[in-house]
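Visitor: I am new to this structure and would like a close look at a single part of it, the sheet together with what packs against it. Could you take me through that part slowly, strand by strand?

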Amino acid sequence: MLQKKNVLVDGVILNGPIMDSKAGEKFVEDAYKIIMEEVIQKADDVTQKVCEWRAPETLKQILDLEMRDTGESHQKLLQLCRDVIQYSVKTSHPRFFNQLYAGVDYYSLVARFITEALNPSVYTYEVSPVFLLVEEAVIKKMIEFIGWKEGDGIFNPGGSVSNMYAINLARYKFCPQVKEKGLSGLPRLALFTSEECHYSIKKAASFLGIGTENVYFIKTDDRGKMIPEELEKQVQRSRKEGSVPFLVCATAGTTVLGAFDPLDKIADICEKHSLWLHVDASWGGSALISRKHCRLLHGIHRADSVAWNPHKMLLAGIQCCALLVKDN
């Protein structure tokens, strides 16, 4: 066997092992014990605090987050693990009530352990064969729940990105030349959404160069639902003002009131005016799984695109956000 010569640069071995694997494995084992004892086993313990609250400046001193040129010992890193857990919000606590959370799901948690350990990147089958097939299977099932016979989808870092992608798709279908020529050759486009919609719709109009002034906010009833007759009026108004309507964004589960827009009636208006219908079901999409409450989304199968976040009500880990489209 030929002996490999070490390549030294400024005293650093460039072609040698960069880490003591045995020490690393021991650290993982010790850290895992802390996670089991302090997070998982205490997940449903009501005697524990939801959060050991500290003011920002105090917490900075406790955690000692200063970046240094030298590393830290395993014991100090393990103590940091304990401190991170101690002073974080326990999102699985029975008395933690927040709009994104529904407690811990042990099976979902194990799946997240595996994905973090394998560190896949799901962009080609070559580099991530298993997870690409998992992604396809989940998207296919979500499409079935929406009621489409075919479709496609992609997972995104948040419902805001899903909504922005949908608006971009709608604009591309309406004006394919935007891809090559940019905004200069486009008419003044107008999109329509509920006055109770998520802020990401207005943000997307800004990011995509449509302009926030070209977002028409439709009046809602006392339950927070978009009024279809008001939508019809605003579409007519926009045309008189020289705008070109191209998209309606309905909301299935508004942020404040949890309202579900009347999708069927909105779809009728979209068909009448040849408008893309996007449904922001980031919050309420999981009601499709319920035999009792799926009626809230009646008509969603008529949408061109849907944003749906399984991390809300389906116990998937954050972020699990899908954009689904009817057309392949």
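Guide: Helix H10, made of residues 263-273, lies across E6 and E7, and its direction runs at about 155° to that of E7. The model in view is a predicted one, and the two strands just named belong to an open sheet of seven strands, whose order is E3-E9-E8-E7-E6-E4-E5 and whose pairing is mixed. At the edges of this sheet stand strand E3 (152-156) and strand E5 (215-218), each of which pairs on one side only. From one strand to its neighbour the sheet turns by 20° on average, with direction ignored.

A second helix, H6 (residues 159-174), also packs on the sheet, where it touches E3, E4, E6, strand E7 (276-281), strand E8 (305-308) and strand E9 (321-325). The direction of H6 makes about 150° with that of E6.

It helps to recall how strands are held side by side before following them one at a time. Strands of a sheet pair through backbone hydrogen bonds, and they do so either in the parallel or in the antiparallel sense.

Let us begin with strand E4, residues 189-194, which runs parallel to strand E6, residues 244-251, and is joined to that strand by five bridges. Within this pairing, phenylalanine 192 has valine 248 of E6 as its bridge partner, while threonine 193 stands opposite cysteine 249, again in E6. E4 is also joined to E5, by four bridges, and these two strands run parallel as well; here serine 194 finds its bridge partner in isoleucine 218 of E5. Is strand E4 enclosed by the rest of the structure or open to the outside? Six of the six residues of E4 are buried, so this strand is largely enclosed by the rest of the structure.

Moving along the sheet to E7 and E8, we find these two strands paired in the parallel sense over four bridges, and one of the matched pairs consists of valine 279 and its bridge partner in E8, valine 306. E8 then pairs with E9, also over four bridges, but in the antiparallel sense; in that pairing alanine 307 has leucine 323 of E9 as its bridge partner. Strand E8 is covered on both of its faces, since Ser305 and Ala307 on one side are buried, and so are Val306 and Trp308 on the other.

The loop between E7 and E8 is where tryptophan 283 is found. This residue is partly exposed, because its relative accessible area is 31%, a value that lies between the limits of 20% for buried and 50% for exposed. Once its neighbours within four places in sequence are left aside, tryptophan 283 is in contact with Gln99, Ala252, Gly253, Gly258, Phe260, Lys312 and Met313. By contrast with these contacts, asparagine 214 is 69 residues apart from tryptophan 283 along the chain, and the C-alpha atoms of the two are separated by 25 Å.

We can now return to helix H6, which packs on the sheet and also meets another helix. Two packed helices are described by the angle between their axes and the distance between the axes. The axes of H6 and H8 come within 9 Å of each other and cross at roughly 50°, and the two helices are therefore oblique to each other. Their crossing is right-handed. On the side of H6 the contact is made by Ser160, Asn163, Met164 and Ile167, and on the side of H8 by Ser200, Ile201, Lys203, Ala204 and Phe207. Sorted by class, the residues of this contact are five nonpolar, three polar and one charged.

One residue of this contact deserves a separate look, namely serine 200, whose place is in helix H8 (residues 200-207). Serine 200 is buried, because its relative accessible area is 1%, and the limit for a buried residue is under 20%. With its neighbours within four places in sequence left aside, serine 200 is in contact with Ser160 and Asn163, and both of these appear among the residues that H6 brings to its contact with H8.

Technical notes: Residues are numbered from 1 along each chain as its sequence is written. This is a predicted model: local features need pLDDT of at least 70, side-chain atom pairs count only at pLDDT 80 or more; totals for chains, interfaces and linings use all residues. Side-chain values use heavy atoms; hydrogens and water are left out. Buried means under 20% relative accessible area, exposed over 50%, partly exposed in between (1.4 Å probe, protein chains only). Contact means heavy atoms within 4.5 Å. Two strands pair if DSSP finds at least two bridges between them. Axes are lines fitted to C-alpha atoms, for helices over the stretch in contact, and angles run from 0 to 180 degrees between N-to-C directions. Angles under 35 degrees count as roughly parallel, over 145 as roughly antiparallel, 65 to 115 as roughly perpendicular and the rest as oblique. A crossing is left-handed if the near helix is turned anticlockwise from the far one by less than a right angle, and right-handed if clockwise. Ala, Val, Leu, Ile, Met, Phe, Trp, Tyr, Cys and Pro count as nonpolar, Asp, Glu, Lys and Arg as charged, and the others, Gly among them, as polar.
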